[in-house]
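Work through the exercises below with the sequence and the model at hand. Each task is followed by a solution in steps.

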Amino acid sequence: MFVTVETAARTAPAAVIVAIDGPSGTGKSSTSKAVAAKLGLRYLDTGAQYRAITWWMLNNGVDVADAGAVATAAAKPSIVSGTDPERPAITVDGADASAPIRTQAVTAAVSAVSAVPEVRARMTDLQREIARSTGRGIVVEGRDIGTTVLPDADLKIFLTASPEARAARRSGELKGKEAAGLDATREALARRDAADSGRTVSPLAKAEDAHEVDTTELSLEQVVECVVTLVEQVAGDGPAPATGTADRAGQSA
Ligand SMILES: Nc1ncnc2c1ncn2[C@@H]1O[C@H](COP(=O)(O)OP(=O)(O)O)[C@@H](O)[C@H]1O
Ligand SMILES: Nc1ccn([C@H]2C[C@H](O)[C@@H](COP(=O)(O)OP(=O)(O)O)O2)c(=O)n1
């Protein structure tokens, strides 16, 4: 079904697939959402999916340190991701999980759960299915999108930032909630980096053909502009008209 949709001022001309990877606190989520919103693309946060399955494991008494138990349970929860960059949404067995997946308990357990091959296989299938079903194009962010999930993506970006900048961004975000000191935050990030980069299956890694962007000294707006320009370049013909036609059939929420 073809429908005419209102789009942002700048529009990626074709159905473009953009993969954005990198460690925590480099700006993947903020950049991906903003780029998708500017260009009228869909958006998928794959980290939220790993957090969602981790939340389900914790709620259902699965010992997350027991890879066998996690593997056995991996197929059980129903995880549904929205792809609207203005309203990112995720449900687990029909319940809104957007807030509980951000707790420290989930953050502390997510690397162990996401290292289990059965979990990765299930999430990777889900992510490919969502990316395939968006007619308009999509920005997908995570750790292994450019290397494993969507190796044929039209554009791959690998975001980096110094450990100090990443820790400062994260502790600013947590202020008043579950705030930890800057040093503790930096150490927690380093532990998660090591676990995510060191796992056997589909580790956090930069694809050979990814553009690396060091965001340490850049504002979010500068990073977004940089990625939008790269999308427009790969899409071939620069800024496009302000309205467009999209095939929305089969899109997830
Ligand atoms: N270039 C930047 N400069 C300063 N702060 C940033 C920048 N990019 C993102 N942030 C902030 O850092 C925090 C973490 O960003 P986020 O997009 O969630 O990173 P990631 O998805 O890589 O973990 C957010 O509060 C965000 O607003
Ligand atoms: N494609 C992905 C995305 C996330 N993960 C895992 C590894 C990460 O530590 C957790 C959480 O990812 P998330 O992007 O939410 O993490 P941050 O927002 O950067 O703290 O999920 C993964 O293994 N593969």
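**Exercise 1: the shell around ligand 1**

Task: divide the shell around ligand 1 into nonpolar, polar and charged residues, then find which residues and helices supply it.

Solution. The shell holds 3 nonpolar, 9 polar and 3 charged residues. Here Ala, Val, Leu, Ile, Met, Phe, Trp, Tyr, Cys and Pro count as nonpolar, Asp, Glu, Lys and Arg as charged, and the others, Gly among them, as polar. The model is predicted: local features need pLDDT of at least 70 and side-chain atom pairs count only at pLDDT 80 or more, while totals for chains, interfaces and linings use all residues. Residues are numbered from 1 along each chain as its sequence is written, and chains are lettered from A and ligands numbered from 1 in the order in which they are written.

Next, the residues. Of the 15 around ligand 1 (C-beta atom, placed from the backbone, within 6 Å), those that come nearest are Gly-27, Lys-28, Ser-29, Ser-30 and Arg-169.

Last, the helices (DSSP runs of H or I, at least four residues, numbered from the N terminus). H1 (28-39), H7 (163-174) and H9 (220-235) each supply at least two shell residues, and H1 gives the most, with 3.

**Exercise 2: Thr-26 and Ser-30**

Task: is Thr-26 buried or exposed?

Solution. Thr-26 lies in the loop between strand S2 (16-21) and H1, a strand being a DSSP run of E, at least two residues. Thr-26 is buried because 24 C-beta neighbours lie inside 10 Å; the cut-off is 20 or more, with 12 or fewer for exposed and partly exposed in between. Ser-30, in helix H1, has 15 other C-beta atoms within 10 Å and is therefore partly exposed.
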